[in-house]
Amino acid sequence: MRCPFCKNDDTKVIDSRVADEGQAIRRRRSCVECGRRFSTVESAVLAVVKRNGVTEPFSREKVMRGVRRACQGRHVAEDALAKLAQQVEDTVRASGSAEIPSNEVGLAILGPLRDLDEVAYLRFASVYRSFDSVEDFQREIDDLRTAHGGVRAEAVSAEPVQSS
Ligand SMILES: [Zn+2]
């Protein structure tokens with residue numbers, strides 16, 4: 001690791017610690033040449049490949065933003081969103097691939113979101129699966145009915161769906 005001050009290539013690690021709940025290692029380094037100290041953060045790169053081929057780093061915050069929008073007006077707590085984002089990250093990391101297509105991130109969101117809030121799930125699924133007809137919604141609602149024995153299906157079908 002090159003010293004950012006004098007550009008010398010010879011630096012030594014004086015301290016290493018785990019950061020970001022085990023997702024990263026933070027190192028304190030000291031330059032052998034000029035003696036100045038600096039920090040580096042190393043983390044395994046998990047890239048999301050978008051439909052247009054552009055890659056960007058996986059971001060829990062971004063997952064939360066997308067889900068938060070679908071949860072508008074629903075009583076979903078911030079820490080539930082944070083937990084969901086963590087679940088999504090665990091799922092995509094478990095795939096063992098360093099590059100994840102964005103639709104797989106969407107897929108990883110659907111399961112836990114369905115458990116969290118069915119209306120938010122329908123909204124999110126409508127965008128993610130690009131529902132383009134009432135029949136698509138009906139099919140999804142029928143699936144939810146089957147999954148829950150019809151108990152909570154009325155509340156789901158009565159809710160207007162927001163497309164923003
Ligand atoms: Zn230096």
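**View 1. Cys 34 and Cys 6 at the zinc ion of a predicted model.** At 31% relative accessibility, Cys 34 counts as partly exposed, because that class lies between buried, under 20% relative accessible area, and exposed, over 50% (1.4 Å probe, protein chains only). Cys 6, with 30% relative accessibility, likewise counts as partly exposed. The model is a predicted one, in which local features need pLDDT of at least 70 and side-chain atom pairs count only at pLDDT 80 or more, while totals for chains, interfaces and linings use all residues. Residues are numbered from 1 along each chain as its sequence is written, and side-chain values use heavy atoms, with hydrogens and water left out.

**View 2. The donors around the zinc ion.** The zinc ion has as its protein donors the SG atoms of Cys 3, Cys 6, Cys 31 and Cys 34, which lie 2.2 to 2.4 Å from it; donors are N, O and S atoms within 2.8 Å of the metal (3.2 Å for Na, K and Ca), and water is not among the atoms, so sites may look incomplete. The angles among the four donor atoms are 105 to 119 degrees, and the site is tetrahedral, a term used for four donors if all angles lie between 85 and 135 degrees. Along the chain, the donors follow the spacing C-x2-C-x24-C-x2-C. Cys 6, in the segment before strand 1 (11-19), and Cys 34, in the loop between strand 2 (24-31) and strand 3 (37-43), are 28 residues apart and link distant parts of the chain. Strands (E, at least two residues) and helices (H or I, at least four) are DSSP runs, numbered from the N terminus.

**View 3. An open sheet of three strands.** The strands of this sheet stand in the order 5-4-6, with mixed pairing, where two strands pair if DSSP finds at least two bridges between them. Strand 5 (55-57) and strand 6 (99-101) are the edge strands, each pairing on one side only. Neighbouring strands are turned by 35 degrees against each other on average, direction ignored; the axes are lines fitted to C-alpha atoms, for helices over the stretch in contact, and angles run from 0 to 180 degrees between N-to-C directions.

**View 4. Strand 4, strand 6 and helix 3.** Strand 4 (residues 47-49) and strand 6 run parallel and are joined by three bridges, with Ala 47 standing opposite Glu 99 in strand 6. Helix 3 (residues 102-116) packs on the sheet and touches strand 4 and strand 6, its direction making about 75 degrees with that of strand 6; contact means heavy atoms within 4.5 Å.

Notes
Tetrahedral: all angles 85-135°; square planar, octahedral: opposite > 155°, others 65-115°.
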